[in-house]
Amino acid sequence: MIYPWQQTQWLQISQLIKVERLPHAMLLLGNQGLGKTDFASSMAHAVLCQQPAADFKACGLCKSCQLLFADTHPDLYHLKPAAPPTSKSKNPVLSIRIDDIRVLCNKLNQTSQYGGYRVAIIDQAELLTISAANSLLKTLEEPGQDVLILLTTSRPHRLPVTIRSRCQVLRFTEPDEKQALDWLQTSQQDEQTSVNQLQQALKHAHGSPLAALIHLQEEERHQILAEAMTAAVSGKNTLDYAAKLAKFAKIQTLESMLGWASDLTRLLSCGPDATISNELHRIKLQAIAKKVDQQRVFRFHDQINFNLLHSSIAVNEQLLWENLLLSWDNL
Ligand SMILES: [Zn+2]
């Protein structure tokens, strides 16, 4: 995906592809939320596509493009920071480790499966460990024929100078407000959002449109969940919200729902003035607290935790929310 504010950079890249002067390593640099990874993917698609368009964008139809869309192209490797394999922490320290870089470099040294480029995208390259960075350095110095290594970062000063100096830098900057607002208006699903709300979200995201979009979606998710959890006391049908909740990220919504359950537990054990996280909805939560059974609230906690624990298993999400909302209504 090439965003409207990336047109200049795309022109630059398509010129380099045209004259066959694409460097073997590039550092895509700019603040978070500007779509650097999407741009890197578009570059990868462009060089791997078997019949690119006149502007060098991928055709979307050839065998290579089909493999790219299915995320199974054997000549594209995408590395992202990850938790250590043995970590059980809820908030582990993410990094890109030497073992992963070794595997990546081995693949880049092999012949390409489709007779063209081999491409590596390394996201948040500032999170390379020192040994991983040193290991990558060798490949950056002698990359071999038709290798393209794309690193993205929003914190270039944290990257070793040795890595930076071997990459051609491609900078991304925030679009002007009008362009960002136009894009936000067409991208976000909630048509009732006012221009003022879009401006606020953009300000909150320091001008990065993708970060603003995430912020808007978060706000919408919190609002819909609040409506669902207070539907019964507002005289509405709780189950009507299952389909609405199904369109949001499952894990985050489950965690927010756990917050509602915890608020209820606090009101039950510490009284109506207990500190709660959904302060805006205190009166409705107090009304719910008056009629619930504490054991059932505990079981509701367990039900959410069970779903969080098994969140990687694909389920019918509407059914999942219907079950949880039904439990909430019957506490
Ligand atoms: Zn293609």
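This report describes the nonpolar cores, one helix pair and three exposed residues of a predicted model.

Residues are numbered from 1 along each chain as its sequence is written. Because the model is predicted, local features need pLDDT of at least 70 and side-chain atom pairs count only at pLDDT 80 or more, whereas totals for chains, interfaces and linings use all residues.

**Nonpolar cores**

The largest nonpolar core holds 54 residues. Such a core is a set of buried Ala, Val, Leu, Ile, Met, Phe, Trp, Tyr and Cys residues joined through C-beta atoms within 7 Å. A residue is buried if 20 or more other C-beta atoms lie within 10 Å of its own, exposed if 12 or fewer, and partly exposed in between, with C-beta atoms placed from the backbone. The members that touch the most others are Leu28, Met43, Ala44, Val119, Ala120, Leu150 and Leu151. Helix α2 (residues 36-48) is the greatest contributor, giving seven residues; helices (H or I, at least four residues) and strands (E, at least two) are DSSP runs numbered from the N terminus. Both domain 1 (4-171) and domain 2 (177-221) supply residues, so this core lies between them; the domain bounds come from an automatic or database domain assignment.

Apart from neighbours within four places in sequence, Ala44 is in contact with Leu76, Val119 and Ile121, contact requiring C-beta atoms, placed from the backbone, within 7 Å. A second, separate core has 21 residues, among them Met229, Trp260, Leu285 and Ile288.

**Helices α7 and α9**

The axes of α7 (residues 177-187) and α9 come within 10 Å and cross at roughly 40°. Axes are lines fitted to C-alpha atoms, for helices over the stretch in contact, and angles run from 0 to 180 degrees between N-to-C directions. The two helices are therefore oblique to each other, a class left after angles under 35 degrees (roughly parallel), over 145 (roughly antiparallel) and 65 to 115 (roughly perpendicular). On the α7 side the contact is made by Ala180, Trp183, Leu184 and Ser187, and on the α9 side by Pro209, Ala212 and Leu213.

**Exposed residues**

| Residue | Place | Other C-beta atoms within 10 Å |
|---|---|---|
| Glu20 | loop between α1 (7-18) and β1 (25-29) | 6 |
| Lys203 | helix α8 (residues 195-204) | 12 |
| His206 | loop between α8 and α9 (209-229) | 12 |

Glu20 is not a glycine, yet its phi is positive, at about 55°. His206, also a residue other than glycine, has a positive phi near 50°. Lys203 lies 9.6 Å from Glu177, C-alpha to C-alpha, with 26 residues separating them in sequence.

How values were computed: Two residues are in contact if their C-beta atoms, placed from the backbone, lie within 7 Å.
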